[in-house]
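Reader: I have some time to look at a protein model with you. Could you walk me through it, question by question?

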Amino acid sequence: MNTRVLVTLSLFAAIGAVLNMVMPPFYQGMKPDMMLTMMFVGILMFPSLKNVTLLSIVTGVLAALTTTFPGGQIPNIIDKIVTAFVFYGLFLIVNKIAQKVATATVLTVIGTIVSGTIFISTALAIVGLPDGATFTVLFLTVVLPTTLFNGAAMIVIYPIIQSIFKRAKLVTA
């Protein structure tokens, strides 16, 4: 594995972790997951099975360490690994047009919905949901706003990263 790719993916994961920690909560202390956006950028910029595997595990562990959801450690790890491979599979399907910002944004929206659904379902099965929270309430108050936020973030972040990569002549797949 290329050292430059590892360093870049590490930076994406670290930026996502910092964004995740400074993000204010939406509902009962639950925050939108900004690490997803950075994980998706990493997958778009370096799409290979090794990179997706490594990035999903690292992002899952970082999300578990920074979660404010009670008992959300294991659901975060499961969610990031599954979501990364779903996103990667969707990326492979639309590979010819995936470098466009609109396509990256749509994939991010789909990936965020998948992630939120997996996280809430896993948390419900493993640790239960916080008092007064149901799947529907959490989906409407946390997942949907996060989806909009991540989609908007991708519209801003992805062209900037593409521009930086072009200027630095960093070749991506």
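Author: Happy to; what follows is a set of questions and answers on this predicted model.

Reader: Let me start with charges. How many salt bridges does a search of the whole structure find?

Author: Lys80 takes part in one with Asp33, where the closest N and O atoms are 2.5 Å apart. Lys80 also meets Asp79 in a salt bridge, at 2.8 Å from N to O. For the whole structure, the search gives a total of 2.

Reader: Which residues are joined into one network by salt bridges that share partners?

Author: Lys80 pairs with Asp33, and the side chain of Lys80 also meets that of Asp79. Through these shared partners, the network is made of Asp33, Asp79 and Lys80.

Reader: How many residues apart are Lys80 and Asp33, the pair that links distant parts of the chain?

Author: The two form a salt bridge. Lys80 sits in helix H4, while Asp33 is in the loop between H1 and H2. Along the chain, their separation is 47 residues.

Reader: I would like to set up the surroundings with care. Is Lys80 buried or exposed?

Author: The cut-off for buried is under 20% relative accessible area. Lys80 has a relative accessibility of 0%, so it counts as buried.

Reader: And Asp79, is that residue buried or exposed?

Author: Asp79 meets Lys80 in a salt bridge. Its relative accessibility is 1%, and therefore Asp79 counts as buried.

Reader: What about Asp33: which backbone nitrogen does its side chain reach?

Author: Asp33 lies in the loop between helix H1 (3-22) and helix H2 (34-45). At 13% relative accessibility, Asp33 counts as buried. Its side chain comes to 3.1 Å from a backbone nitrogen, that of Met35.

Reader: Leaving aside neighbours within four places in sequence, which residues is Asp33 in contact with?

Author: Both Asp33 and Lys80 are buried, and Lys80 is on the list of contacts. With those sequence neighbours set aside, the contacts of Asp33 are Asn20, Asn76, Asp79, Lys80, Thr146 and Asn150.

Reader: Now to the nonpolar interior. Which helix gives the most to the largest nonpolar core?

Author: This core has 29 residues, and those with the most contacts inside it are Phe12, Ile43, Leu44, Met45 and Ile161. At least two residues come from each of H1, H2, helix H3 (49-66), H4, H5 and helix H6 (135-167). The top contributor, with 9 residues, is H2.

Reader: How many residues are in the other core, which lies apart from it?

Author: Among the members of this other core are Met30, Ala123, Leu138 and Val143. Its size is 11 residues.

Reader: Which residues does Ile43 touch, not counting those up to four places away in sequence?

Author: Ile43 is one of the residues with the most contacts inside the largest core. Beyond its sequence neighbours, Ile43 touches Val52, Leu55, Ala84, Phe87 and Tyr88.

Reader: Let me turn to the surface. Which helix supplies the largest share of the nonpolar patch?

Author: The patch covers about 440 Å² and is made by Ile74, Ile78, Val82, Val86, Ile126 and Val127. Ile126 belongs to helix H5 (residues 101-126), and with a relative accessible area of 44% it is partly exposed. The largest share, 4 residues, comes from helix H4 (residues 73-93).

Reader: One last distance, please. How far apart in space are Ile110 and Leu55, C-alpha to C-alpha?

Author: Ile110 is in helix H5 and counts as partly exposed at 36% relative accessibility. Ile110 and Leu55 are 55 residues apart in sequence, and their distance in space, C-alpha to C-alpha, is 18 Å.

How values were computed:
Residues numbered from 1 in each chain as written. Predicted model: local features only at pLDDT ≥ 70, side-chain atom pairs only at ≥ 80, totals over all residues. Heavy atoms only, no water. Patch = residues over 30% accessible without salt bridge, like charges linked within 9 Å, V, L, I, M, F, W, Y side chains within 5 Å. Areas by Shrake-Rupley, 256 points an atom, 1.4 Å probe, with all protein chains shown as cover. Salt bridge = Lys/Arg side-chain N within 4 Å of Asp/Glu carboxyl O. Buried < 20%, exposed > 50% of the residue type's maximum accessible area, 1.4 Å probe, protein only. Polar contact = N/O pair within 3.5 Å; in protein donor to acceptor, adjacent residues only side chain to side chain. Contact = heavy atoms within 4.5 Å. Core = buried A, V, L, I, M, F, W, Y, C linked by side-chain atoms within 4.5 Å.
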